[in-house]
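Trainee: Before we look at the model, could we agree to go through it slowly, and to set each value against the rule that gives it its name?

Mentor: Yes, let us begin once it is in front of us.

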There are 2 protein chains.
Amino acid sequence: MSRKRFLDTECPVARALDQVGDWWSLRIVLQAMYGTRRFVDFQQQLGIAKNILCDRLSRLVEHDVLRKEDVGEHGSRYEYRLTEKGRDLFTVVVALRQWGDKWIPTEFPPLDLRDRENGAPIQAVRVLAGDGRALDVRDVFTQVDERQNTGS
Amino acid sequence: MSRKRFLDTECPVARALDQVGDWWSLRIVLQAMYGTRRFVDFQQQLGIAKNILCDRLSRLVEHDVLRKEDVGEHGSRYEYRLTEKGRDLFTVVVALRQWGDKWIPTEFPPLDLRDRENGAPIQAVRVLAGDGRALDVRDVFTQVDERQNTGS
DNA sequence: TTAATTCGGTTTCAAAATGCAACTCTATTC
DNA sequence: GAATAGAGTTGCATTTTGAAACCGAATTAA
């Protein structure tokens, strides 16, 4: 059987993971956020096999996370660039990064992100209530109404 | 060759993805956040094969994202519960959920999360500067200092 | 008090997915 | 004019995944 996909589920997390939840996609998006645009650069920086990279890039383009642009006069040179949808994964990536820094420390010092405006460190990403209180998983519930709570 | 892992990289995102970046782990964590604790329930709610579930649960326990608790008198009934590290993935999950709701809409209405305190919807998760401005991927840079920027 | 069922797995086996190396086909550079 | 680089394919071996069968302990049903 083929790998399970989660295209039409009611659960938005599952739908999101369906598009970027495989082993490589988010890493590719991350590299793109660092400015990588060329096939070879993705390949070298990530150490990913070319056929897999090819497949992932196509999938990301298909899902409108990346856009493939033809640079160079008559074909054969391309750039993969983030779309708005792709750029909007920034929050997810930063949340993951902060989680990694907090819970999987290494010998390396945490490479913190800084505000380009003034060089100051950014805040920790948090889930906030309407009134600005920081919320924990136990402080929220899902509006499930009459439908039964399958997934999501 | 076996699947590439990213255990000791300088990049915290890669380290995070190494622990929860496979096809199932974040889904399991999500279910756990919805209150699922038993093997069979994970299995049925996710539609995951038992051997894979078994493997993923062990990995998550090994990485201290879940804790395996022995309930029932002398073994043979267990519960998998989120640790603090696991609960702290809440931000990541909510960010993903909001991204999914925004960019991959379906016939289902977005199932919004609400504040248990007062039933009000929560805010969109955002990356904020020290002074509270919302930041985009282009508004930040990484403190890379003298080391070369490999990965991260 | 057996018998059936549930829980939490392990085993087996076929079908993907992955990684690697070699190869291709344009351009561009030496 | 030959060599190299970019962006992929193709073929093949290894891993991972998924489905279904099986298993042993404990719990429930008859």
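Trainee: By what turn and what shift can chain B be laid on chain A, and with what RMSD?

Mentor: Keeping in mind that this is a predicted model, chain B can be laid on chain A by a turn of 180° with a shift of 0.0 Å along the axis, and the RMSD is then 0.1 Å. The two copies are therefore related as by a two-fold rotation axis.

Trainee: How do you know that the copies meet through the same surface?

Mentor: Of the interface residues of chain B, 100% are also interface residues in chain A, so the surface through which the copies meet is the same.

Trainee: What makes the pair formed by A:Lys50 and DNA strand D a polar contact?

Mentor: A polar side-chain atom of A:Lys50 lies 2.5 Å from a base oxygen of DNA strand D, and the cut-off for a pair of N or O atoms is 3.5 Å, so this pair counts as a polar contact. A:Lys68 has a polar side-chain atom 2.7 Å from a phosphate oxygen of strand D, while for A:Val40 a backbone N or O atom lies 3.4 Å from a phosphate oxygen of that strand.

Trainee: Which part of DNA strand D supplies the atoms within 4 Å of the protein?

Mentor: Sugar or phosphate accounts for 76% of those atoms, and the rest belong to bases.

Trainee: Which polar contacts does chain A make with DNA strand C?

Mentor: Among them, a polar side-chain atom of A:Asn51 lies 2.6 Å from a base nitrogen of DNA strand C, and one of A:Arg56 lies 2.4 Å from a phosphate oxygen of strand C. Two or more residues of the surface near strand C come from α4 of chain A, and likewise from each of α3 (39-46), α4 and β2 (77-82) of chain B. The residues of that surface divide into 10 nonpolar, seven polar and nine charged.

Trainee: What makes B:Ile28 and B:Phe42 a pair in contact, and which residues have the most contacts inside the largest nonpolar core?

Mentor: Contact means heavy atoms within 4.5 Å, and B:Ile28 is in contact with B:Phe42, as with B:Leu46, B:Leu53 and B:Arg56, among others, when its neighbours within four places in sequence are left aside. The largest nonpolar core has 84 residues, and A:Ile28, A:Leu89, B:Ile28 and B:Leu89 are those with the most contacts inside it.

Methods:
Residues numbered from 1 in each chain as written. Chains lettered and ligands numbered in written order. Predicted model: local features only at pLDDT ≥ 70, side-chain atom pairs only at ≥ 80, totals over all residues. Heavy atoms only, no water. Near = heavy atom within 4 Å. Polar contact = N/O pair within 3.5 Å; in protein donor to acceptor, adjacent residues only side chain to side chain. Core = buried A, V, L, I, M, F, W, Y, C linked by side-chain atoms within 4.5 Å. Buried < 20%, exposed > 50% of the residue type's maximum accessible area, 1.4 Å probe, protein only. Least-squares fit on C-alpha atoms with pLDDT ≥ 70 in both. Helix = DSSP H or I, 4+ residues; strand = E, 2+ residues; numbered from the N terminus. Nonpolar A, V, L, I, M, F, W, Y, C, P; charged D, E, K, R; others polar.
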